[in-house]
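Visitor: I would like to know how the labels people put on a model like this one are earned. Could you take me through them?

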Amino acid sequence: MANAVELRNITKYFPSSNVLANNDVTLSIAEGEVHALVGENGAGKTTLMNIFYGLHQPDSGEILVNGQPVEIHHPDDAIKLGIGMVHQHFKLVPSFTIAENIMLGIEPNQYGMLKKKEEAELVRQLANDFGLPVDPYARIRDLPVGMQQRVEILKALQREAKILILDEPTAVLTPQEVKELLAVVRNLAQRGRTIIFITHKLVEVKDVADRLSVMRGGKMIGTRSVAETSIPDMARMMVGRSVLLELDKKPATPGQVVFKADNITVTDASGLPAVRHISFSVREGEILGIAGVSGNGQTELVEAISGMRPVEGGTFTFVDKDITRRSVGERRKQGMAHIPEDRIKIGLNLETNLDENLVVNRYKLPEFNRLGFMILSAMKRFASFAVKQFSIAAAQPGEMIATLSGGTCRRWCWRVSCLASRSLSLPTSQRAVWMWAALSLCIGRWWMCGTGRRRCC
Ligand SMILES: Nc1ncnc2c1ncn2[C@@H]1O[C@H](COP(=O)(O)OP(=O)(O)OP(=O)(O)O)[C@@H](O)[C@H]1O
Ligand SMILES: [Mg+2]
């Protein structure tokens, strides 16, 4: 039987970033299999799938679907061939309902009038058929990430996708949501769908995939049967050397309390109580996890800690100073950092380049600003330093944030956020610094970590 997908000798060079993202890549995927596509950040996985989905044109190479050579110039061509893609960053309209999103562009209508009831019914039926129940009238902006992803999958299935590409589908999910998604993927494969599952998480590869293909530095390293490949072997293929998979972590030795929340009360956007009388403290060198189902005040709490939302009551103390009424900028100056849950909406500006993103929270410093004019050479120097310092090989100074790979984007956001002003160590003035604490919010949960005295982060 012909393979469902054959990508032959695909090559793609991006002049804007001077990256050969796909270098003579060949990949075959059998019908009905779950095929994991793995590789480190910037390996070229998304580029390859974007080419298959018609979002990029390859410089050379050939694509076959069910044994037939095809030309895919646009996602519409891909959809017609039964290819669906759920992207790393969802492409839903937040103010629309689930039904409106799924049926966008293919709405049932009569004389140009949309048939909303019919639309919702179609979606309900589709969702039930695939065992992925949803409320067709719920608005995307009110849904947890796992449910938004389910909508993306249903959207592809509504367009009769037989080959489904899931680009890092578990990166944004809670463990429970991951479990549910993996079951959905297996179920779709049993129903004859071919799934291309991009991930870095080798345990998931073991759990869900039949075969895996590994990419490294734009090249295809090889394809293996998952049952016959151990996780250390997969890791070796990914990075090109043996990888220590167990972390030799010594017990923490936390120091003094650096951050304290005392009897904090915060309201949500509609003025209703979201956080009620919460108290906790975090010590230097400690990671504090706060667990909870999303929508239970975590977002409001982290916004209050970072200064983006006022508190109704209580106090925050940071290194013995009351910072409850301090602005975001003042908190940053003291050494606090916030890694937002949504790195695209809050953490980074996709329309700018690496240099600009990096100085966005320190552009007033004399190192970067003279009489109100930005010193571009200093910004560039600082970006080069940061790329090298943080080993973000897939990023280059001057590169637009929008063109970074998904994982590089995440790492860059983390770095930008953590480079709090007082932890800043410029290449020109290597000064000893404190990094007091980093706050991070991750998929409805957040944690705090304090680090000890360090040079840079
Ligand atoms: N539109 C683009 N313009 C310029 N360069 C790009 C573009 N898209 C991707 N790249 C570059 O191509 C390389 C491969 O990126 P790609 O997104 O395919 O990686 P990936 O394997 O999906 O990584 P990740 O696991 O981080 O998502 C990266 O160096 C990236 O910066
Ligand atoms: Mg990617």
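Guide: Happily! Let's begin with a rule: two strands pair if DSSP finds at least two bridges between them. Under that rule, in this predicted model, six strands form an open sheet in the order 6-9-10-3-11-12, and the pairing is mixed.

Visitor: What makes strand 6 and strand 12 edge strands?

Guide: Strand 6 (83-86) and strand 12 (219-225) each have a single partner strand, so one side of each is left without a neighbour in the sheet. From one strand to the next, the twist averages 20 degrees.

Visitor: How do you know that strand 9 and strand 10 pair?

Guide: Pairing needs at least two bridges, and strand 9 (residues 163-167) and strand 10 (residues 194-199) share five, in the parallel sense. Leu-166, for instance, stands opposite Phe-197 in strand 10. Helix 5 (residues 145-158) packs on this sheet, touching strand 6 and strand 9. The direction of helix 5 makes about 170 degrees with that of strand 6.

Visitor: Which strands pair with strand 3?

Guide: Strand 10 pairs with strand 3 over five bridges, in the parallel sense. Strand 11 (residues 211-216) is also joined to strand 3 by five bridges and runs parallel to it. Val-38 shows both links: it stands opposite Thr-199 in strand 10, and its bridge partner in strand 11 is Val-214.

Visitor: Why is strand 3 called largely enclosed?

Guide: A residue is buried if 20 or more other C-beta atoms lie within 10 Å of its own. Six of the six residues of strand 3 (residues 34-39) are buried, so the strand is largely enclosed by the rest of the structure. In a regular strand the side chains alternate between the two faces of the sheet. Here both faces are covered, with Val-34, Ala-36 and Val-38 buried on one side and His-35, Leu-37 and Gly-39 buried on the other. For the protein as a whole, 40% of the 457 residues count as buried.

Visitor: There is another sheet to look at. What is its strand order, and which strands stand at its edges?

Guide: Four strands form an open sheet in the order 14-13-16-17, with antiparallel pairing. Strand 14 (273-283) and strand 17 (321-322) stand at the edges: each has a single partner strand, so one side of each lacks a neighbour in the sheet. Helix 9 (residues 298-306) packs on this sheet and touches strand 13, strand 14 and strand 16. Within the sheet, five bridges join strand 13 (residues 257-267) to strand 16 (residues 313-318), and Ala-261 stands opposite Phe-316 in strand 16.

Visitor: What makes a residue part of the shell around ligand 1, and which residues come nearest?

Guide: The test is a C-beta atom, placed from the backbone, within 6 Å of the ligand. Of the 20 residues around ligand 1, Thr-46, Thr-47, Ser-405, Gly-406 and Gly-407 come nearest. Strand 2 (19-29), helix 1 (45-52) and helix 14 (406-418) each supply at least two residues of the shell. By class, the shell has six nonpolar, 13 polar and one charged residues.

Visitor: Where should I be careful with the coordinates?

Guide: Over residues 421-457, pLDDT stays under 50. Where pLDDT is low, the predicted coordinates should not be read in detail. For the protein, the average pLDDT is 84, and 89% of the residues score at least 70.

How values were computed. Residues are numbered from 1 along each chain as its sequence is written. Chains are lettered from A and ligands numbered from 1 in the order in which they are written. This is a predicted model: local features need pLDDT of at least 70, side-chain atom pairs count only at pLDDT 80 or more; totals for chains, interfaces and linings use all residues. Ala, Val, Leu, Ile, Met, Phe, Trp, Tyr, Cys and Pro count as nonpolar, Asp, Glu, Lys and Arg as charged, and the others, Gly among them, as polar. pLDDT is the predictor's confidence in each residue, from 0 to 100. Two residues are in contact if their C-beta atoms, placed from the backbone, lie within 7 Å. Axes are lines fitted to C-alpha atoms, for helices over the stretch in contact, and angles run from 0 to 180 degrees between N-to-C directions. A residue is buried if 20 or more other C-beta atoms lie within 10 Å of its own, exposed if 12 or fewer, and partly exposed in between; C-beta atoms are placed from the backbone.
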